[in-house]
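Opening the notebook on this one. I'll jot down what I look up as I go, starting with the strands.

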Amino acid sequence: MIRTLPLVCSNCDNKFVPAEELYYRDNFMSNSIRDVHFICPDCIKRWKDKWRIKTAVFSEKDYVMTVSITLEDGTIYKNLDCTPLEETVVTSEEIPEEAQRRLFSIYTEWDSERKKNSLKDCTFKDEFMRTTFSCETYGGEKFNDIAFRFNMKGQIETETPVPEYVLKQIIDAYRLYEMQNKE
Ligand SMILES: [Zn+2]
């Protein structure tokens with residue numbers, strides 16, 4: 001039986017003439033071609049034109065990553081759930097692939113910036129009356145054989161000045177180191 005199917009956009013309800021490809025929305029409920037939600041080329045073009053990203057601000061809290069996006073046309077999307085995935089960032093809002101890739105490059109910059117001050121490695125050395133650490137951050141900062149001790153107040157003191165963000169991590173790493181040595 002040959003049937004016909006009028007092409008109507010599920011977004012703007014207009015009839016349309018398809019280009020080389022048909023756009024449609026994934027819909028797992030549809031089991032007939034009549035249930036397919038087509039989208040016309042005009043709506044696709046409008047959608048792609050709209051998604052020119054001006055700024056994107058990522059943040060992560062309790063292992064949930066979100067992004068707030070401002071588009072060139074002024075539209076703001078606040079705190080969209082998002083996941084970096086193979087050179088793209090997928091968000092809870094449906095966005096064109098090109099914009100996903102743009103998001104990924106912004107994400108990569110943000111990610112290396114936040115990791116910059118994190119310790120890549122850290123080792124301790126116990127010598128007679130002297131404990132030292134050597135460490136390096138992801139940003140490439142190195143500290144070699146810095147003697148340290150904990151004073152009466154339990155605060156860490158180092159023989160040469162070390163930035164606060166490094167010290168915090170040294171304290172955590174040293175606690176682990178001590179625990180492992182007790183075993
Ligand atoms: Zn349309």
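How many bridges join S5 to strand S6, and do they run parallel or antiparallel? I counted four bridges between S5 and S6 (residues 88-91), and the two run antiparallel. Note to self: this is a predicted model.

**Entry 1: around S5**

I checked the turn between S5 and S6 next. That hairpin has two residues between the strands, and Glu86 there takes a positive phi near 40°. Leu85 has Thr88 in S6 as its bridge partner.

Then I looked at the S4 side. Strand S4 (residues 64-71) pairs with S5 in the antiparallel sense, again over four bridges. Here the hairpin has four residues between the strands, and Gly74 takes a positive phi near 100°. Across this pairing, Ile69 stands opposite Tyr77 in S5.

Is S5 mostly buried or in the open? I find one buried residue among the ten of S5 (residues 76-85), so the strand lies largely in the open.

**Entry 2: the nonpolar core**

I went looking for the largest nonpolar core and got nine residues: Trp51, Ala56, Val67, Ile69, Cys82, Val89, Ile95, Ala99 and Leu103. The elements that give two or more residues to this core are S4 and H2.

I picked Ile69 from that list for a closer look. Leaving out residues up to four places away in sequence, Ile69 touches Ile53, Ala56, Tyr77 and Leu80. Tyr77 is also the residue that stands opposite Ile69 in S5.

**Entry 3: Asp111**

I looked up where Asp111 sits, and it is in helix H2 (residues 97-115). Why does Asp111 count as partly exposed? Its count is 15 other C-beta atoms within 10 Å; a residue needs 20 or more to be buried and 12 or fewer to be exposed, so Asp111 falls in between. I also noted Ser59, which is 52 residues from Asp111 along the chain, with 9.7 Å between their C-alpha atoms.

**Entry 4: the four-stranded sheet**

Moving on along the chain, I found an open sheet of four strands in the order S7-S8-S9-S10, with antiparallel pairing. S7 (119-127) and S10 (156-158) are the edge strands, each pairing on one side only. On average, neighbouring strands here are turned by 35° against each other, direction ignored.

What packs on this sheet? Helix H3 (residues 164-182) does, touching S7, S8, S9 and S10, and its direction makes about 60° with that of S7.

In the middle of the order, I looked at strand S8 (residues 130-137) and strand S9 (residues 142-150), which pair in the antiparallel sense over five bridges. One pair I wrote down is Thr131 with Phe148 in S9.

**Entry 5: the whole chain**

I stepped back for the totals. The chain has three helices and ten strands, and reads β-β-α-β-β-β-β-α-β-β-β-β-α along the sequence. The domain assignment gives domain 1 (1-50), domain 2 (51-115) and domain 3 (119-182). I get 35 Å between the centres of domain 2 and domain 3.

The radius of gyration is 27 Å, whereas a compact globule of 183 residues would have one near 16 Å. The C-alpha atoms fill a box of roughly 90 × 40 × 30 Å along the principal axes. Buried residues make up 9% of the 183. Last number for the page: among contacts with a separation of 6 or more, 24% are between residues 24 or more positions apart.

Conventions. Residues are numbered from 1 along each chain as its sequence is written. This is a predicted model: local features need pLDDT of at least 70, side-chain atom pairs count only at pLDDT 80 or more; totals for chains, interfaces and linings use all residues. Domain bounds come from an automatic or database domain assignment. Two strands pair if DSSP finds at least two bridges between them. A nonpolar core is a set of buried Ala, Val, Leu, Ile, Met, Phe, Trp, Tyr and Cys residues joined through C-beta atoms within 7 Å. Two residues are in contact if their C-beta atoms, placed from the backbone, lie within 7 Å. Axes are lines fitted to C-alpha atoms, for helices over the stretch in contact, and angles run from 0 to 180 degrees between N-to-C directions. The radius of gyration is taken over C-alpha atoms; the globule rule is 2.2 Å times the number of residues to the power 0.38.
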